[in-house]
Amino acid sequence: MPQRIPVKASGGGNDLMARKKRRWNKALAMVKNPTRSPGSKAIEITRAAKIEGCSATYISQTTCSPRCAFLNNGCYGESGPVSWNRPDKAREIDPKEVADQEVRQIKQLSGMRPLRLHVIGDAADEDHARKLAEAAEIFSSKADMPVFTFTHNWREIPKEAWGDISVLASCETTKDGLLAEKLGYAVAIVRPDKPGRPNLDKETRELPCVHETRGRSCLQCGLCMDAEHLFSQRIWIRFTAHGARKNVAANQLRRIQ
Ligand code: SF4
């Protein structure tokens with residue numbers, strides 16, 4: 001576990017090193033005390049294997065798209081360890097209130113590490129995405145760290161509403177992936193079977209998630225933190241159905257793919 005650094009300001013309390021130490025100590029305090037609201041939770045440094053070392057938000061599923069094939073049907077956030085961080089399990093909080101809570105929390109993060117939005121939850125609508133874009137700008141201005149996420153609401157939210165956030169359209173079928181591309185989104189596709197090899201010579205040019213194939217974390221890989229690059233190269237990030245109910249999710253995928 002990283003340790004708290006004693007702050008002894010050498011230049012009247014305002015020198016760069018003292019400020020860095022204070023920011024580091026604040027980040028550590030937030031590891032122990034994540035910022036919580038009824039509909040949203042922000043973690044300064046997550047220990048979740050895939051996004052270990054990143055900051056992350058978990059928000060109410062009232063923001064999720066009803067189109068998501070995994071909602072109440074194998075979503076990795078509804079059971080197992082990920083669900084322990086799920087706020088608003090009863091799904092009662094208005095998505096607009098959730099958005100406001102999340103944005104407030106993002107602004108409180110240190111900005112010293114990449115931020116993964118919505119380990120659970122989604123941007124509910126265009127207004128939510130625009131608020132996130134504004135908060136992400138403030139977040140990234142602190143230490144030039146990227147903000148990245150995935151959305152099932154890519155049909156409803158214009159790509160430009162996300163600002164500089166690296167966003168991938170979450171798709172469950174090839175047809176949807178091709179449509180998302182037409183709308184300007186990089187694509188993440190979930191397949192029912194094991195990752196397999198990259199097939200960059202095919203129409204959909206799928207590259208299996210590096211965490212699934214090599215056990216690397218997002219911090220080490222970083223591909224999804226640059227959606228513009230993925231989009232320009234037409235590379236789709238491919239995931240296998242995952243989570244505690246991955247068999248349910250895989251069966252759902254086999255039905256629709
Ligand atoms: S491809 Fe890389 S950045 Fe994207 S989810 Fe997998 S490990 Fe993370």
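**Group meeting: a predicted model with a nine-stranded sheet and a ligand shell**

Among contacts between residues at least 6 apart in sequence, 70% join residues at least 24 apart in this protein. What I am presenting is a predicted model, and I shall go from the overall picture to individual residues.

The protein has 257 residues, of which 39% count as buried. Its secondary structure amounts to eight helices and nine strands.

Let me begin with the sheet. It is an open sheet of nine strands, with mixed pairing and the order 1-2-3-4-5-6-7-9-8. Which strands stand at the edges? They are strand 1 (35-37) and strand 8 (206-208); each has a single partner strand, so one side of each is left without a neighbour in the sheet. On average, and with direction ignored, neighbouring strands of this sheet are turned by 25° against each other.

As a general reminder, strands of a sheet pair through backbone hydrogen bonds, either parallel or antiparallel. An antiparallel example is given by strand 2 (residues 40-43) and strand 3 (residues 55-59), which are joined by four bridges. Within this part of the sheet, Ala-42 has Thr-57 of strand 3 opposite it.

I turn now to the loop between strand 3 and helix 2. Asp-88 is placed in that loop, and Arg-91 is found there as well. Asp-88 is not a glycine, yet it has a positive phi of about 50°. Arg-91, also not a glycine, has a positive phi of about 55°. Are these residues buried or exposed? Asp-88 is buried, because 23 other C-beta atoms lie within 10 Å, and the threshold is 20 or more. Arg-91 has 13 C-beta neighbours inside 10 Å and therefore counts as partly exposed.

The next topic is helix packing. In general, two packed helices are described by the angle between their axes and the distance between the axes. For helix 2 (residues 95-108) and helix 3 (residues 126-143), the axes come within 9 Å and cross at roughly 5°. Helix 2 is therefore roughly parallel to helix 3. By class, their contact has eight nonpolar, one polar and two charged residues. On the side of helix 2 the contributors are Pro-95, Ala-99, Val-103, Ile-106 and Lys-107. These meet His-128, Lys-131, Leu-132, Ala-135, Ile-138 and Phe-139 in helix 3.

Which residues lie around the ligand? They are Cys-209, Val-210, His-211, Arg-216, Cys-218, Cys-221, Gly-222, Leu-223, Cys-224 and Ile-237. Two elements give two or more residues to this shell, namely helix 5 (210-214) and helix 6 (218-221). In terms of class, the shell has seven nonpolar, two polar and one charged residues.

I close with Leu-230, which is found in helix 7 (residues 227-233). Leu-230 counts as buried because it has 22 C-beta neighbours inside 10 Å. Leaving aside residues up to four places away in sequence, Leu-230 touches Ala-186, Leu-223, Ile-235 and Ile-237. Among these contacts of Leu-230 are Leu-223 and Ile-237, which also belong to the residues around the ligand. Leu-230 and Tyr-185 are 45 residues apart along the chain, and their C-alpha atoms are separated by 9.3 Å.

Key. Residues are numbered from 1 along each chain as its sequence is written. This is a predicted model: local features need pLDDT of at least 70, side-chain atom pairs count only at pLDDT 80 or more; totals for chains, interfaces and linings use all residues. A residue is near a molecule or strand if its C-beta atom, placed from the backbone, lies within 6 Å of it. Ala, Val, Leu, Ile, Met, Phe, Trp, Tyr, Cys and Pro count as nonpolar, Asp, Glu, Lys and Arg as charged, and the others, Gly among them, as polar. A residue is buried if 20 or more other C-beta atoms lie within 10 Å of its own, exposed if 12 or fewer, and partly exposed in between; C-beta atoms are placed from the backbone. Two residues are in contact if their C-beta atoms, placed from the backbone, lie within 7 Å. Axes are lines fitted to C-alpha atoms, for helices over the stretch in contact, and angles run from 0 to 180 degrees between N-to-C directions. Angles under 35 degrees count as roughly parallel, over 145 as roughly antiparallel, 65 to 115 as roughly perpendicular and the rest as oblique. Two strands pair if DSSP finds at least two bridges between them.
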